[in-house]
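Student: Please give me a close account of one part of this model. I should like to see how that part connects to what surrounds it.

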Amino acid sequence: MIFADFLGPLDIYEAVKAGLRQEIATVFRSAVDSVVLRRIVVQDERREVELWVELSSEEQLYRFGTVLAERLSAAVRERFPVEVWVMFRIVPLTHAFLNGQPRARSVPSFE
């Protein structure tokens, strides 16, 4: 799963969510169904968009960060002339658990 958080107006989110998911899937060469785009409601009157994309390594940021930021910004700005902030959160697979089970391969147990 690839997680991304959208902070911004509901009307923009509804209009661009499919395109954002598609762009993320394309950059990571994955299925659109593996991209989860969540809208976080914030108290902010500005019509700006803030996107946080979770990566699993600094290498992903180096390899995909600029391209992903450009594509996501363009996907929003082609429909809405707003400022788009794209930021990244790095969560190593050694720190990711699904139902309490480590998601990384060859992860040592904490026992």
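**A core residue and its surroundings**

Tutor: Outside the residues up to four places away in sequence, F6 touches I12, Y13, V16, L20, L37, R38, R39, I40, V49, E50 and L51, where contact means heavy atoms within 4.5 Å. The model is a predicted one, in which local features need pLDDT of at least 70 and side-chain atom pairs count only at pLDDT 80 or more, while totals for chains, interfaces and linings use all residues. Residues are numbered from 1 along each chain as its sequence is written, and side-chain values use heavy atoms, with hydrogens and water left out.

F6 also stands out, together with L20, in the largest nonpolar core: of its 26 residues, these two touch the most other members. Such a core is a set of buried Ala, Val, Leu, Ile, Met, Phe, Trp, Tyr and Cys residues joined through side-chain atoms within 4.5 Å; buried means under 20% relative accessible area, exposed over 50%, and partly exposed in between (1.4 Å probe, protein chains only). Two or more residues come from each of strand 1 (2–7), helix 1 (10–28), strand 2 (35–40), strand 3 (48–55), helix 2 (58–77) and strand 4 (83–90). These elements are DSSP runs numbered from the N terminus, with helices (H or I) of at least four residues and strands (E) of at least two. The greatest contribution, eight residues, is that of helix 1. In soluble globular proteins, nonpolar side chains tend to be buried together.

Helix 1 also holds G19, which counts as partly exposed because its relative accessibility is 32%. Between G19 and V76 there are 8.3 Å in space, C-alpha to C-alpha, although they are 57 residues apart in sequence. In the loop between helix 1 and strand 2 lies R29, which counts as exposed because its relative accessibility is 80%. R29 has a positive phi, near 50°, in a residue other than glycine.

Two further core elements, strand 3 and strand 4, run parallel and are joined by eight bridges; strands pair if DSSP finds at least two bridges between them. One of these links sets E54 against R89 in strand 4. From strand 3 the chain passes through helix 2 to strand 4 in a right-handed β-α-β crossover, that is, clockwise from the first strand over the helix to the second when the strands point away from the viewer.
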